[in-house]
Amino acid sequence: MTGVDVPRKRREKYSKHGAHRAAIIEAAAEVFAARGYHAGSFQQIADRVGMSQSSLFHYFPTKPDLLLAVLERRDTIG
């Protein structure tokens, strides 16, 4: 513990945020692999994770931001 006591509800929010982010990155990797970066759309990715496009933009404001996250994930998993 770092001396800062984060309330449980707030921690759950952060873990949910991380889980959504990871699911979006995974879905984007699949869509980009199947259709290519240019042909893959935010709507296709949003459909795979079961959220709206506007919710997806909350996590990744631009397509290049999402591609960067996909590439960073690829680099960390080898």
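A residue counts as buried when its relative accessible area is under 20%, as exposed when that area is over 50%, and as partly exposed in between. On this basis, helix H2 has the buried residues Phe-42, Ile-45 and Ala-46. Viewed along the axis of H2, these buried residues fall within an arc of 100°, so they line one face of the helix. An α-helix has 3.6 residues a turn, so residues three or four places apart point the same way. Gly-50 follows H2 and has a positive phi, near 70°.

The model is a predicted one. Its protein chain has an average pLDDT of 87, and 81% of the residues score at least 70. Confidence varies along the chain. Helix H2 (residues 42-49) has the highest confidence, at a mean of 97. Helix H1 (residues 8-35) has the lowest, at 83.

The protein chain contains four helices and zero strands. From the N terminus on, the order of elements is α-α-α-α. The chain has 78 residues, of which 23% count as buried. Among contacts with a separation of 6 or more, 50% join residues 24 or more positions apart. One pair of distant residues is Gly-18 and Tyr-59, which are 41 residues apart along the chain. Their C-alpha atoms are separated by 9.8 Å. Gly-18 belongs to helix H1. Its relative accessible area is 34%, so Gly-18 is partly exposed.

The interior was examined next. In soluble globular proteins, nonpolar side chains tend to be buried together. Here, the largest nonpolar core has 17 residues. Those with the most contacts inside this core are Ile-24, Phe-32, Ile-45, Leu-56, Phe-60 and Leu-66. Four elements give two or more residues to the core: H1, H2, helix H3 (53-59) and helix H4 (63-77). H1 gives the most, with seven residues.

Leu-66 illustrates the packing. Apart from neighbours within four places in sequence, Leu-66 is in contact with Ile-24, Ala-28, Phe-32, Phe-42, Ile-45 and Phe-60. Of these partners, Phe-42 and Ile-45 are among the buried residues of H2. Leu-66 itself is one of the buried residues of H4, together with Ala-69 and Val-70. Seen down the axis of H4, the buried residues fall within an arc of 100°, so they line one face of the helix.

The length of H4 was also checked. At 1.5 Å a residue, its 15 residues should span 21 Å. The end C-alpha atoms of H4 are 21 Å apart, which agrees. The expected span is 1.5 Å times one less than the number of residues.

Charged pairs were then considered. The structure holds three salt bridges. In one of them, Glu-26 pairs with Arg-73, and the closest N and O atoms are 2.6 Å apart. This pair links distant parts of the chain, with Glu-26 in helix H1 and Arg-73 in helix H4, 47 residues apart. Neither side of the bridge is classed as buried. Glu-26 has a relative accessibility of 31%, so it counts as partly exposed. Arg-73, at 26%, also counts as partly exposed.

Another salt bridge joins the side chains of Glu-30 and Arg-48, at 2.7 Å from N to O. Glu-30 lies in helix H1 and Arg-48 in helix H2, so the pair ties together parts that are 18 residues apart in sequence. Glu-30 has a relative accessibility of 35% and counts as partly exposed. Arg-48 is partly exposed as well, at 45%.

A further bridge is formed by the side chains of Asp-75 and Arg-74, at 2.9 Å from N to O. The two residues fall in separate accessibility classes. Asp-75 has a relative accessible area of 53% and is therefore exposed. Arg-74, at 46%, counts as partly exposed.

Another arginine, Arg-35, lies in helix H1. With a relative accessibility of 48%, Arg-35 counts as partly exposed. Leaving out residues up to four places away in sequence, Arg-35 touches Gly-40 and Gln-44.

How values were computed: Residues are numbered from 1 along each chain as its sequence is written. This is a predicted model: local features need pLDDT of at least 70, side-chain atom pairs count only at pLDDT 80 or more; totals for chains, interfaces and linings use all residues. Side-chain values use heavy atoms; hydrogens and water are left out. pLDDT is the predictor's confidence in each residue, from 0 to 100. Buried means under 20% relative accessible area, exposed over 50%, partly exposed in between (1.4 Å probe, protein chains only). The arc is that of the directions from the helix axis to the C-beta atoms. A nonpolar core is a set of buried Ala, Val, Leu, Ile, Met, Phe, Trp, Tyr and Cys residues joined through side-chain atoms within 4.5 Å. Contact means heavy atoms within 4.5 Å. A salt bridge is a side-chain nitrogen of Lys or Arg within 4 Å of a carboxyl oxygen of Asp or Glu.
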